[in-house]
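Work through the exercises below with the sequence and the model side by side. Try each task before reading its solution.

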Amino acid sequence: MTEDLQARFARFLEGEKHASPETRKAYLRDLQDLVTLAGNKPLNELTALDVRGFVRQLAARGLSAYSIARMLSAWRTFYKLMARDLGWPLDPAASVKPPRKRQRLPKAMSEDAAVGLLDNMPDDDTLSARDKAMFELAYSSGLRVSELVSVQLADLDLGGALARITGKGNKTRMVPIGHKAIAALNEWMHERALIALPDCTHVFVGQHGKPLTTRAVQARFKTWEARLGITEPLHPHKLRHSCATHLLQNSGDLRAVQELLGHANLSTTQVYTHLDWKVLAKSYDAHHPRARRKDDKTED
């Protein structure tokens, strides 16, 4: 593969696809893997039979179904671009399916654990106030870590309890903000004014006044995991998953959860319908007309 093709793909991912830096890096790496697998055979001469063989090789090496699915997605995106720009006639990955994925359910905290985490976080210094505001907003509004670090001052309407969020594909959505998150954000704004660089418009900044990176946020989650003695792994997506799970358990409104999380397809959100049996049993007992306990019935 020539550097021109790789550069063309990189420009497309950033300029037209609006892919995140992490996605761009992964897709370019996946394309390089395709070049390696193809060996001496030019990419525009590969067939579906070739790609199926590559998939079998990757699976035999122990690569997960999720990783292989992402690679196929990257390859299809590349071939669509080549067909459009250079007239390549064939997408050899179009009909190739990845190995079957094992259903991986999000791991959510219990409501008590989530509330306990947030209530036990102090906000008595600058970084603690910032972290508490980040954690509260992530749980309140179900944000991805990439969305969390990209929130701008102009995106927040604390008086209206709303935030404008830019998600995957550069799509924007409005999300509600809970009163606890609003209080934490107001505390952080006082601290932020003391350290943020004059031209910085990001809500969350580091101690030197520059915007936080996703890695920095992930590191802060690990810091609080150790500081609070939390035994389960703590990461930004756990708060997003917990927000979605708790909202669905309490409301049953799958469409609302889809809108909150910014999922393009309802099928992505449906993974949250796998509720804990105790929650399901409690809801059934409370609402099903034939589920009343004997001791709840009145005698004739």
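**Exercise 1. How many disulfides does the rule give, and are Cys200 and Cys243 buried or exposed?**

Step 1. Apply the rule: a disulfide is a pair of cysteine sulfur atoms within 2.5 Å. The count comes to 0 disulfides.

Step 2. Check burial, where buried means under 20% relative accessible area, exposed over 50%, and partly exposed in between (1.4 Å probe, protein chains only). Cys200 has a relative accessible area of 9%, so Cys200 is buried. Cys243 is at 7%, so Cys243 is buried too.

Before going on, note the basis: this is a predicted model, local features need pLDDT of at least 70, side-chain atom pairs count only at pLDDT 80 or more, and totals for chains, interfaces and linings use all residues. Residues are numbered from 1 along each chain as its sequence is written, and side-chain values use heavy atoms, with hydrogens and water left out.

**Exercise 2. Find the strand order of the open sheet and its edges.**

Step 1. Take strands (E, at least two residues) and helices (H or I, at least four) as DSSP runs, numbered from the N terminus. Two strands pair if DSSP finds at least two bridges between them.

Step 2. Read the order: the 3 strands run S1-S2-S3, with antiparallel pairing.

Step 3. Find the edges. S1 (156-157) and S3 (172-176) each have a single partner strand, so one side of each is left without a neighbour in the sheet.

Step 4. Inspect one pairing. S2 (residues 162-166) joins S3 over 5 bridges, in the antiparallel sense. Arg164 has Met174 in S3 as its bridge partner.

**Exercise 3. Describe helix H3 and what its buried residues pack against.**

Step 1. Get the span. H3 (residues 48-60) has 13 residues and reaches 18 Å from first C-alpha to last. That is close to the expected 18 Å, taken as 1.5 Å times one less than the number of residues.

Step 2. List the buried residues: Asp50, Val51, Gly53, Phe54, Val55 and Leu58.

Step 3. Find their partners. They pack against H2 (21-38) and H4 (65-86).

Step 4. Look just after H3: Gly62 takes a positive phi of about 95°.

**Exercise 4. Which residues touch the most other members of the largest nonpolar core?**

Step 1. Define the core: buried Ala, Val, Leu, Ile, Met, Phe, Trp, Tyr and Cys residues joined through side-chain atoms within 4.5 Å.

Step 2. Among its 40 residues, the answer is Phe135, Ile177, Leu185 and Phe204. H6 gives the most to this core, with 6 residues.

Terms used: Contact = heavy atoms within 4.5 Å.
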